[in-house]
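The exercises below ask you to look at the open and enclosed spaces of one structure, and then at the packing of its interior. Keep the sequence and the 3D view at hand, and try each task before reading its solution.

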Amino acid sequence: MVQQAASQVTKKGLYINGAWVQEENQEFLESMNPATEYAVGYYAAATSAQVDHAVESAKSAFKLWKNTPLPERAQFLWKAAQVFEEKRVHLAQTMTKEMGKVLAESLGEVGVVVETCKYMAGEGRRLFGETVSSGASNRHIMMVREPVGVVACITPWNFPVALAGYKILAALISGNTVVWKPASEVALSARIFTEVFHEIGLPKGVLNLVTGAGSKVGAQLAEHKDVKVISFTGSTEVGIKLSETAAKTLKRVSLELGGKNAVIVLKDANLDLAAEAIVKSAFTTTGQRCTAASRVIVERDVKDKLLQMVVAITKKLKVGNGLESGVDLGPLINKQQLQTVEKYVTIAVQEGAVIECGGKRLSSEQGYFYEPTVLSNVKKGDAVAQDEIFGPVLAFIEVDHFEEAIEVNNDTVYGLSTSLFTNSLHYANRGAKEIESGLVYINNGTSNAELGVAFGGTKHSGNGHREVSHHAFDVMTEWKSIYTTY
């Protein structure tokens, strides 16, 4: 496949108040393909004035949008679903070029956006309020949901449009307006996403796109007095900083953060089922997802057999450019992430881990490729068992019994997703109760979330809010209690 030169790609600015805009001396930065290390295209670096303009436009549009009937708002989402379907291949190819995941995954991600448009359009009809019986005979009391105002959506690069869709669509259907700051690595994908809403005629200012460094653009949104909600997905460290900044203006903050997810395998489990799920959970998206499995906590009696099965499946995985057929794993997002993975594998070996397969950078002249890696003899306190690596590294930890497995699983600062494989109804129910995670899967992998089910983590994996379902409205709306005396 011929790589299109970045110089041949049209430079497009920021999307503010219903138009693509740029300043006379607008700075443009390159979006790089991690598989080739070539530029895919250019994106604009927003200035402080442009960020202010975007927020001002969203604030102005809010007055009209919040009073637009819900069925009418829903129609925009239905139209968007159709256009996303039409742009599915183009958008998927752009995502793969920008962040490296295999094309099949990118196509699936666009499908998630299509279904999220439809789901949130339907949820618009179910933004129910409540009525409450009054203590007075001549009083009627009702509680209604109302939109909050300008929502700043700050999204990561690993799921360029799906995670953005969860936030943006929930904000729009509930009557809020949006300023979106995507990760710079996937700014071109964000542009296509935004173009869809321009094409369907979304009113000016309802959705605005500002690109640039998170330390500048994201920080300014967090500080802005007219931004009422920050919805962020990314690292725990950045989430904490955003919370600290937002607290100064009493903003609502919804955080979906990191994880150190585990697959617990008991000795009575179906090992064939577990092995397949472990490999898929660990290495899909090259391990660069918040719900990726990075630990296998297995009872000693079946450890050797399960390890052998997982290694055999892992060795069959093909690493390469995500646009090529037959590829199972693409590259890591950038050189820095590649170096992080290399560092943690080195530390793991120093701490006593054994490399069962992988363990090194793929020998090629270009691209940030790292072999899918399985480590054994890992202890629960090792760095590779505690820190979020965000790469294709899987650590096996042996335990003697169920109780120890639960203890090891819960012994991290994170609490996003955990899987438990067992044929025992007793242990399945105990695990569901005792596992400290926002998501618990019994006999399934750690990355199997479905639309309409509350998604989010506990401890340092989030701050208690949820996405992907109607529970997102707990952030995107606020309650008004109305007393009528007659």
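**Exercise 1: the enclosed space**

About 100 Å³ of space lies in the largest cavity, and the model in which it is found is a predicted one. Find which residues are closest to the centre of this cavity, and work out how its lining divides by class.

*Solution.* Begin with the lining, which is made up of 15 residues, and pick out those closest to the centre of the cavity, namely G287, A292, S294, I389 and F390. Next, sort the lining of the largest cavity by class, which gives seven nonpolar, five polar and three charged residues. Finally, set this cavity in its context: the structure holds five cavities of 30 Å³ or more.

**Exercise 2: the largest pocket**

Determine which helix gives the most residues to the lining of the largest pocket, and describe the classes of residue found there.

*Solution.* Start from the volume of the largest pocket, which is about 1,200 Å³. Its lining counts 41 residues, and the closest to the pocket centre are W157, F232, G234, S235 and V238. Then list the elements that give two or more residues to this lining, which are strand 7 (150-155), helix 7 (214-223), strand 10 (227-233), helix 8 (236-247) and helix 11 (335-350). Helix 8 gives the most, with six residues. By class, the lining of the largest pocket holds 18 nonpolar, 16 polar and seven charged residues.

**Exercise 3: the second largest pocket**

Repeat the analysis for the second largest pocket, whose volume is about 730 Å³.

*Solution.* Here 32 residues form the lining, and F159, R289, S447, N448 and A449 are the closest to the centre of the pocket. The elements that give two or more residues to the lining are helix 4 (103-123), helix 5 (162-173) and helix 9 (271-283). Helix 4 gives the most, with six residues. When the lining of the second largest pocket is sorted by class, it divides into 12 nonpolar, 11 polar and nine charged residues.

**Exercise 4: the nonpolar core**

Identify the residues with the most contacts inside the largest nonpolar core, and trace the contacts of F197.

*Solution.* The largest nonpolar core has 49 residues, and those with the most contacts inside it are F84, I168, W180 and F197. Take F197 and leave aside its neighbours within four places in sequence: F197 is then in contact with A80, F84, L169, L172, L202 and L207. As background, nonpolar side chains tend to be buried together in soluble globular proteins.

Definitions and conventions
Residues numbered from 1 in each chain as written. Predicted model: local features only at pLDDT ≥ 70, side-chain atom pairs only at ≥ 80, totals over all residues. Heavy atoms only, no water. 1 Å grid on protein atoms, 1.4 Å probe; cavity = no way out; pocket = protein on both sides within 12 Å on 5 of 7 lines; lining within 4 Å. Points joined across faces, edges and corners; volume = space filled by probe spheres on them. Nonpolar A, V, L, I, M, F, W, Y, C, P; charged D, E, K, R; others polar. Helix = DSSP H or I, 4+ residues; strand = E, 2+ residues; numbered from the N terminus. Core = buried A, V, L, I, M, F, W, Y, C linked by side-chain atoms within 4.5 Å. Buried < 20%, exposed > 50% of the residue type's maximum accessible area, 1.4 Å probe, protein only. Contact = heavy atoms within 4.5 Å.
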